[in-house]
Amino acid sequence: LHNTVGVAPGCVVENVYVFPGVPEEMKAMFESVAPEFDGEKRHAEFVVVDEPESALIDRFREIQERFDVKVGSYPGENVRVKIQGTDEAEVGAALSWLRERSDVA
């Protein structure tokens, strides 16, 4: 990637963009490729649930039937649930629905 403001290099490898750390240089370089990042805006919310992941499966299925969202779960000491979609209100409604029916940590 060409740097019009300074000398720090930037590059693209497949779908990974590397920009300089100097803010002015990074901003100028990003402006040259910004149109490549056009697309549908996605919204994501997280909630930590104090239940085993296996106990959440039916609720995950139901939330995807009720709302236009995708659900991901990330187990650990607790289960971190990610709800994402293109409509911010829909994501919020799905998150509220899940919180009402779960043991939130």
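These legends walk through several close-up views of a predicted model.

**View 1. Three strands make an open, antiparallel sheet.**
Start with the strand order, which reads β3-β5-β4. The edge positions belong to β3 (43-49) and β4 (70-75); each has a single partner strand, so one side of each is left without a neighbour in the sheet. From one strand to the next, the twist averages 20 degrees. As a reminder, strands of a sheet pair through backbone hydrogen bonds, and the pairing can be parallel or antiparallel.

**View 2. Strand β3 meets β5 (residues 79-85).**
Here seven bridges link β3 and β5 in the antiparallel sense. Two pairs are handy landmarks if you want to find your place. E45 has I83 of β5 as its bridge partner, and V47 stands opposite V81, also in β5.

**View 3. Strand β4 meets β5 through a hairpin.**
Now look at how β4 connects to β5: three residues make up the hairpin that joins them. The two strands run antiparallel and are held in register by six bridges. For a landmark in this view, pick Y74, whose bridge partner in β5 is R80.

**View 4. The side chains of β5 alternate between two faces.**
Which residues of β5 are buried, and which are not? V79, V81, I83 and G85 point to one face and are buried. R80, K82 and Q84 point to the other face and are not buried. Two residues from the earlier views come back here: V81, the residue opposite V47, and I83, the bridge partner of E45.

**View 5. Helices α2 and α3 pack on the sheet.**
Helix α2 (residues 53-66) touches β3, β4 and β5. The direction of α2 makes about 170 degrees with that of β4. Helix α3 (residues 88-100) touches β3 and β5. Between the directions of α3 and β3 the angle is about 10 degrees.

**View 6. L98 of helix α3 is in contact with residues from elsewhere in the chain.**
Is L98 buried or exposed? With a relative accessible area of 2%, L98 is buried, because buried means under 20%. Leaving aside neighbours within four places in sequence, the contacts of L98 are V47, R59, I63, V81 and I83. V81 and I83 are among the buried residues of β5, while R59 lies in helix α2.

**View 7. R59 is a buried arginine in a salt bridge with E51.**
R59 sits in helix α2 and has a relative accessible area of 15%, which counts as buried. The side chains of R59 and E51 meet at 2.7 Å, N to O, and E51 is buried as well. Residues up to four places away in sequence aside, R59 touches E51, W97, L98, R101 and S102.

**View 8. Two more salt bridges, E62 with R66 and R101 with E100.**
The model has four salt bridges in total by the rule used here. In one of them, E62 and R66 bring their closest N and O atoms to 2.8 Å apart. Both residues lie in helix α2, four residues apart, or about one turn of the helix. E62 is partly exposed, at 30% relative accessible area. In another, the side chains of R101 and E100 meet at 3.3 Å, N to O. R101 counts as partly exposed at 38%, whereas E100 is exposed at 62%.

**View 9. V13, V16 and V18 form a nonpolar surface patch.**
This view turns to three valines that together make a patch of about 240 Å². V16 belongs to strand β2 (residues 16-18) and is partly exposed, with a relative accessible area of 46%. How far is V16 from L98, the residue shown in View 6? The two are 82 residues apart in sequence and 34 Å apart in space, C-alpha to C-alpha.

**View 10. E14 has a positive phi in the loop between β1 and β2.**
E14 is not a glycine, yet its phi is about 55 degrees. The loop that holds E14 runs between β1 (11-13) and β2. E14 is exposed there, with a relative accessible area of 77%.

Terms used
Residues are numbered from 1 along each chain as its sequence is written. This is a predicted model: local features need pLDDT of at least 70, side-chain atom pairs count only at pLDDT 80 or more; totals for chains, interfaces and linings use all residues. Side-chain values use heavy atoms; hydrogens and water are left out. Two strands pair if DSSP finds at least two bridges between them. Axes are lines fitted to C-alpha atoms, for helices over the stretch in contact, and angles run from 0 to 180 degrees between N-to-C directions. Contact means heavy atoms within 4.5 Å. Patches are made of residues with over 30% relative accessible area and no salt bridge: like charges are joined within 9 Å, nonpolar side chains (Val, Leu, Ile, Met, Phe, Trp, Tyr) within 5 Å. Accessible areas come from the Shrake-Rupley method with a 1.4 Å probe; for residues, only the protein chains shown count as cover. Buried means under 20% relative accessible area, exposed over 50%, partly exposed in between (1.4 Å probe, protein chains only).
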